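Here's a quick tour of a two-chain model, with a stop at the interface, one helix and one sheet. Have a look at the structure first, then read on.

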There are 2 protein chains.
Amino acid sequence: MSQRILTAHGSGGKLMNELINKTIKEILGPQSIQLDDAAILKVNSQIAFTTDSFTVDPIFFPGGDIGKLAVNGTVNDLAVMGATPLYLSCALILEEGLELKVLKDILNSMRQAAEYAGVKFVTGDTKVIESGKADKIFINTAGIGVFEKPAQRHQIRPGDKVIINGPIGEHGMAIMAQRNDIAIPNLVSDCAPLNHLIKKVTAVCPQGIKFMRDATRGGVAAVLNEIVQQSPFAIKLFEENLPIPNEVKGICEMLGLDPLYVANEGKVVFIVSPECAEEAVSAMQDVKEGKRAAVIGEITEDFSGQVYLETAIGGKRPLPMLVAEQLPRIC
Amino acid sequence: MSQRILTAHGSGGKLMNELINKTIKEILGPQSIQLDDAAILKVNSQIAFTTDSFTVDPIFFPGGDIGKLAVNGTVNDLAVMGATPLYLSCALILEEGLELKVLKDILNSMRQAAEYAGVKFVTGDTKVIESGKADKIFINTAGIGVFEKPAQRHQIRPGDKVIINGPIGEHGMAIMAQRNDIAIPNLVSDCAPLNHLIKKVTAVCPQGIKFMRDATRGGVAAVLNEIVQQSPFAIKLFEENLPIPNEVKGICEMLGLDPLYVANEGKVVFIVSPECAEEAVSAMQDVKEGKRAAVIGEITEDFSGQVYLETAIGGKRPLPMLVAEQLPRIC
């Protein structure tokens, strides 16, 4: 077998069959790419369905790679809906010339991430693009999750707390550091699945969780703006409570960025009723992905539709939706 | 709004929200891209789940475009499993600089194809790649279908008939003609959804359908090889029954290709019990996608594991699995 991807690996003949059966299927698991065109699955009557394409550059970065990201990103989209992620698809767009070893490393990373998150690959697709018309590898993962109980929505109210499960800005800044050849010890992507953490928190506060969303592209600020932009409420963040690592602060200052707008890949923002806040934080701190969970803000009635930061001495700074984040291909 | 795609359209800020809400969502339908990260769907207990990335070059071709292809390809993957396709995702990878008009034309084509096939877009994702690192647009559609009755498998036996719903080789040759600037009147892609046709045929022959598969990359020959390669049986095709249009024959001869290895995008190969063959063909001929359906071969016991062609005068020609088809980016 060739040690690099050839266009023939994508054109429906023996080489493609070999790549699928001897490489992809062997690594991702026997169910991964069925002989048939689709997987047959048994599910509950209510499912969650999501899709995400991953095009991160570079494909390997401190704390992860495009494969780990592709698994966790889709797992997280399902988990924040309150669903239990079960099944993933794996659609690869490969650039001709990609080293087979690189593909295998990424597939192995996908398998490990899937095992840790508790999901299975059940169907897939592989396309090859001639050299120079794609960038190494793009991965699409679609996912299906089931609801163990029906999805519920509770009304957000003033006084509700904003909680995050740990440090802000690590994924985006780890990518930017790598892309700019800046070595920063201890700065690694936070790429992680959030389903275990969410399961724990929702078990503790079944009625108190008003909203969950992973803070990816656009960062914490984008998620919070989406929550309040059509609402009569505002969100106030307490500057001194924000868990922003010094490494993230440092490189953000160098590059002129605000950590609140930087992508995370293992962070979920919760809005919870005030009675539940303490229990929720402590439930998060019980799992690996939530060790440094903290209340970072609250829902208020002033400045309706806005997100703003309150400093220790009472100063206020608006955090509007940006026209464009300055970090392309962060995921 | 810019008339071309900018990297900022993919980076989580206002421009991305505008693109999603004012362009994608407006064209594909209000359900298309939910505010939340995943769609919540009500389904049967047994579903089919599939994914396909589309990277066809050129993106517009006689008889269709990448958008129509992306809808029909995924609809067909579900339909050949015996499922009723219901929900699609739409994940776009856009090259910076793509004209917004081109994107809108493709999205409109997706909407039309979805309406005709009877499926809805329920979730999506958009990424932008810097100019020169992708090729205009790649589309991934994952799909979910439901089983109106449990999926069944009946054993293939000698004497079973091989049926196809119409002309062979049109999609691949329409693409190749376009790519090589050869104008061939009447040669258009067969890109079409197969779910309506399959529903009709399975209603007529509920027990007689042994196998269905759309003959895409690798063509009819690849599908037939997959059926018999692990089996004690062979497949004999009757050369004079093969519906190969003269336009396809002509350009295949010019390019040194065999139409049986050329991709189709609206053709399904059925294996049916001999009692059902006539009814199945006539049921197909009742719908637009099956007007020229024909019995093209049968299951035999000689040459086990092989596919071969029998000529009018009794000559035999093997149709092995090719190492590589010579048509990259055909879908």
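## A helix tucked away

A residue counts as buried here if 20 or more other C-beta atoms lie within 10 Å of its own. Keep in mind that this is a predicted model.

With that cut-off, 9 of the 10 residues of H6(B) come out buried, so this helix is largely enclosed by the rest of the structure. The buried set is Gly219(B), Val220(B), Ala221(B), Ala222(B), Val223(B), Leu224(B), Asn225(B), Ile227(B) and Val228(B). Strands S8, S9, S10, S11 and S13 of chain B are among what covers them.

## Where the chains meet

H6(B) also turns up at the interface, as one of the elements giving two or more residues to the side of chain B that touches chain A. Overall, 64 residues of chain B are in contact with 64 residues of chain A. On the chain B side, S2(B) chips in the largest share, with 8 residues. By type, that side splits into 33 nonpolar, 16 polar and 15 charged residues.

S2(B) also pairs across the chains: strand S1 of chain A runs antiparallel to S2(B), with 4 bridges. Within S2(B), Ile47(B) sits opposite Leu41(A).

## The sheet in chain A

Chain A has an open sheet of 7 strands with mixed pairing, in the order S9-S11-S8-S12-S10-S13-S14. S9 and S14 of chain A are at the edges with a single partner strand each, so one side of each has no neighbour in the sheet. From one strand to the next, the twist averages 25°.

Further in, S10 and S13 of chain A run parallel and are joined by 4 bridges. Ile235(A) has Val307(A) in S13(A) as its bridge partner.

Definitions and conventions. Residues are numbered from 1 along each chain as its sequence is written. Chains are lettered from A and ligands numbered from 1 in the order in which they are written. This is a predicted model: local features need pLDDT of at least 70, side-chain atom pairs count only at pLDDT 80 or more; totals for chains, interfaces and linings use all residues. Two residues are in contact if their C-beta atoms, placed from the backbone, lie within 7 Å. Ala, Val, Leu, Ile, Met, Phe, Trp, Tyr, Cys and Pro count as nonpolar, Asp, Glu, Lys and Arg as charged, and the others, Gly among them, as polar. Two strands pair if DSSP finds at least two bridges between them. A residue is buried if 20 or more other C-beta atoms lie within 10 Å of its own, exposed if 12 or fewer, and partly exposed in between; C-beta atoms are placed from the backbone. Axes are lines fitted to C-alpha atoms, for helices over the stretch in contact, and angles run from 0 to 180 degrees between N-to-C directions.
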